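Biologist: Could you take me on a close look at a single part of this protein? I'd be glad of one connected account that I can follow along with on screen.

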Amino acid sequence: MKVLVPVKRVVDSNVKVRARADETGVDLANVKMAMNPFDEIAVEEAVRLKEKGVATEVVVVSCGPATNQETLRTALAVGADRAILVDGGDVDLQPLAVAKLLKALVAKEAPQLVIAGKQAIDDDANQVGQMLAALQSWPQVAFASKVDVADDKAKVTREIDGGLETLEVPLPAVITVDLRLNEPRYAKLPDVMKAKKKPLDTTTPAELGVDVAPRLKTLKVSEPPKRQGGGKVADVADLVNKLKNEAKVI
Ligand code: AMP
């Protein structure tokens with residue numbers, strides 16, 4: 001069984017993101033980038049399926065500029081077998097475009113399972129997995145916290161408001177993963193070296209026959225208002241007075 005894992009390169013989660021001065025977007029100049037954290041979990045799950053003998057091949061794919069190769073190498077270093085870069089150059093690849101690119105790759109690669117992150121921490125869209133499932137007319141399970149694959153079926157536990165839900169879907173299917181599914185491993189240095197020799201193919205949206213022109217226009221990206229400093233109240237009466245007359249919340 002082949003597993004396809006889409007991985008996005010995003011601003012590292014430890015970096016404090018800043019809006020560009022002209023408010024046209026986020027400042028990416030000299031900013032540390034990393035694999036989207038949910039995609040690390042997706043890769044880990046696919047690699048574990050391979051280690052259990054359930055999956056035979058783990059293929060990772062990233063859509064974006066050529067620098068995404070670095071992210072793909074990271075995935076190869078933790079156990080993916082093969083990588084595909086869909087080189088979109090400088091074009092802003094929005095979720096629908098990514099889902100269409102993945103659909104084109106699914107047609108070529110014929111995976112039985114696509115395991116994606118539940119959302120990319122830069123756009124927080126939470127759309128690609130669902131859109132891909134819809135385009136493929138495949139079953140989907142989002143927010144997985146446990147995955148068992150056997151007999152051409154996936155039994156998936158997902159986190160919902162106030163509890164857990166367990167669903168069974170026939171394969172092929174799309175699963176998107178949540179934080180508690182697993183703890184991704186770190187790449188060991190010898191594996192990082194070995195990853196350099198693993199196959200990494202490059203294609204383009206044009207070769208895949210996909211129009212990736214942006215459909216959504218970002219009007220403005222701005223920083224939240226600066227937090228005002230706190231203050232001390234003298235007593236409960238003072239607190240109530242401030243809540244009533246200054247904050248006007250009671
Ligand atoms: P989103 O819908 O943008 O929040 O992304 C959800 C998931 O789709 C991510 O966690 C990735 O698994 C996948 N994805 C999104 N954008 C890309 C991209 N440019 N290249 C590869 N995978 C992506």
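**A walk from the sheet to the pocket**

Modeller: Happy to! Let's start with one pair of residues: Lys-155 has Glu-168 of strand 9 as its bridge partner. Please keep in mind that this is a predicted model. The pair belongs to a longer run of contacts, as strand 8 (residues 153-160) and strand 9 are antiparallel and joined by 8 bridges.

Now step back to the whole sheet. It is an open one of 9 strands with mixed pairing, and the order across it is 9-8-7-10-6-1-4-5-11. The edges are taken by strand 9 (163-170) and strand 11 (200-203); each has a single partner strand, so one side of each has no neighbour in the sheet. On average, neighbouring strands here are turned by 30° against each other, direction ignored.

Next, find helix 1, which lies across strands 1 (2-6), 4 (57-64), 6 (113-117), 7 (140-150) and 10 (173-177). Relative to strand 6, helix 1 runs at about 150°.

Helix 1 also leads us to the second largest pocket, where it gives the most to the lining, with 4 residues. That pocket holds about 500 Å³ of space. Its lining has 22 residues, and those nearest the centre are Met-35, Glu-40, Thr-74, Arg-185 and Tyr-186. Two or more lining residues come from each of strand 2 (9-11), strand 3 (33-35), helix 1 (37-51) and helix 2 (68-77). Sorted by class, the lining of this pocket has 11 nonpolar, 4 polar and 7 charged residues.

Terms used. Residues numbered from 1 in each chain as written. Predicted model: local features only at pLDDT ≥ 70, side-chain atom pairs only at ≥ 80, totals over all residues. Heavy atoms only, no water. 1 Å grid on protein atoms, 1.4 Å probe; cavity = no way out; pocket = protein on both sides within 12 Å on 5 of 7 lines; lining within 4 Å. Points joined across faces, edges and corners; volume = space filled by probe spheres on them. Nonpolar A, V, L, I, M, F, W, Y, C, P; charged D, E, K, R; others polar. Pairing = 2+ DSSP bridges. Axes fitted to C-alpha atoms, helices over the stretch in contact; angles between N-to-C directions. Contact = heavy atoms within 4.5 Å.
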